[in-house]
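Good morning, colleagues. I should like to take a few minutes to go through one model with you, from the overall fold down to individual residues.

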Amino acid sequence: MAQTPRIQDLPVIAVDEHAHAWSPKTARARFREGLSGPTAGVAAGHTQANLISVPADWAYDMLVFCQRNPRPCPVLDVTDAGARSTVLAEGADLRTDLPRYRVWRDGELVEEPTDVRAYWRDDLVSFLLGCSFTFEWALARAGVPIRHVEQGRNVPMYVTTRACRPAGRLRGPMVVSMRPVPPEHLRAAIRESTLLPAVHGGPVHCGDPAGLGIADLSRPDFGDPVTFGPGDIPVFWACGVTPQAAVTASRPPFAITHAPGQMFLTDARDEQYRLVGVD
């Protein structure tokens, strides 16, 4: 039986009570102006993406790392070196349009700004990876409760003992996100997320967190603990924070990533990534 997390900290503040109705362009504009916070529930029906930008001489290693580990690192787009834009969002600027970033030097986190123009380099190649916030709309439509959204919290994320397949100089453990799911909704949660493999797909584990080497659900490595409902089962999905764990383990000289849970809002619709003909 999973331990119910103990809630001892204050809930995070949702970015805006009307954020679900924003267009992606509006969301990006608000983030560009300095608004920050978790993006679960923002711009309903639009695909969210993880970001990692690495120097060009590390880009091949990152690309192969993603290819070898597609569950935590599903690639939606890869930019040219120095590019500040992506085909996923017209007019967007990858340096300013996320709520919060992380700046890494030699594997160490050195800054968490809301704008990385001062850190940008012309040799950076950016990877946009699918995010599980995208399939939460499908879960909600199927009646699956999304506890962290209900509680105004960032999704809890955990570093596991499950190693990713190395690629060149990159190695590290898989990171997972966790959502408590009532047993009667478990089948729907698995089905709906499995139909969206480009945004992590179905769960990698259900039930006892010890199976992933997670000792205490009340102490996530990223995000916030959430309160379980009666009978809820912890369900774990591969998470796009995995490249950040690889940065910590592999220590590239420089990298820029999103802050966990604070994603890039694309113009793409969720339906573009949903498998058809298999319901």
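I shall begin with the whole chain, then turn to one sheet, the cores and one helix.

Please bear in mind that what you see is a predicted model. The protein chain contains six helices and 11 strands. Its radius of gyration is 17 Å, close to the 19 Å that the globule rule gives for 279 residues, so the chain is as compact as a globular protein of that length. The C-alpha trace spans about 50 × 45 × 40 Å along its principal axes. Of the 279 residues, 58% count as buried. If we take the contacts between residues at least 6 apart in sequence, 78% of them join residues at least 24 apart.

Let us now look at the sheet. In what order do the four strands of the open sheet run? The order is β6-β7-β9-β8, with antiparallel pairing. At the edges lie β6, residues 157-163, and β8, residues 205-206, each of which pairs on one side only. Between β6 and β7, the latter covering residues 173-181, there are four bridges in the antiparallel sense. As one example, Ala163 has Pro173 in β7 as its bridge partner. Helix α5, residues 186-194, packs on this sheet and touches β7, β8 and β9. The direction of α5 makes about 5 degrees with that of β9, residues 233-238.

I turn next to the interior. The largest nonpolar core has 32 residues, and those with the most contacts inside it are Leu128, Leu139, Ile256 and Phe264. Among the elements that give two or more residues to this core are β1, β5, α3, β10 and β11. Which element provides the largest share? That is α5, with three residues. Leu139 itself touches Val144, Ile146, Ala189, Glu192, Ser193 and Trp237, leaving aside residues up to four places away in sequence. There is also a second, separate core of 31 residues, which includes Trp58, Val125, Phe127 and Tyr158.

Finally, consider helix α2, residues 56-68. At 1.5 Å a residue, its 13 residues should span 18 Å, and the end C-alpha atoms are 19 Å apart, which agrees. Which residues of α2 are buried? They are Trp58, Ala59, Asp61, Met62, Val64, Phe65 and Cys66. The cover over these buried residues includes β1, β2 (75-78), β5 and α6 (242-250).

Thank you; I would welcome your comments.

Definitions and conventions. Residues numbered from 1 in each chain as written. Predicted model: local features only at pLDDT ≥ 70, side-chain atom pairs only at ≥ 80, totals over all residues. Heavy atoms only, no water. Pairing = 2+ DSSP bridges. Contact = heavy atoms within 4.5 Å. Axes fitted to C-alpha atoms, helices over the stretch in contact; angles between N-to-C directions. Core = buried A, V, L, I, M, F, W, Y, C linked by side-chain atoms within 4.5 Å. Buried < 20%, exposed > 50% of the residue type's maximum accessible area, 1.4 Å probe, protein only. Expected span 1.5 Å × (residues − 1). Rg over C-alpha atoms; globule rule 2.2 N^0.38 Å.
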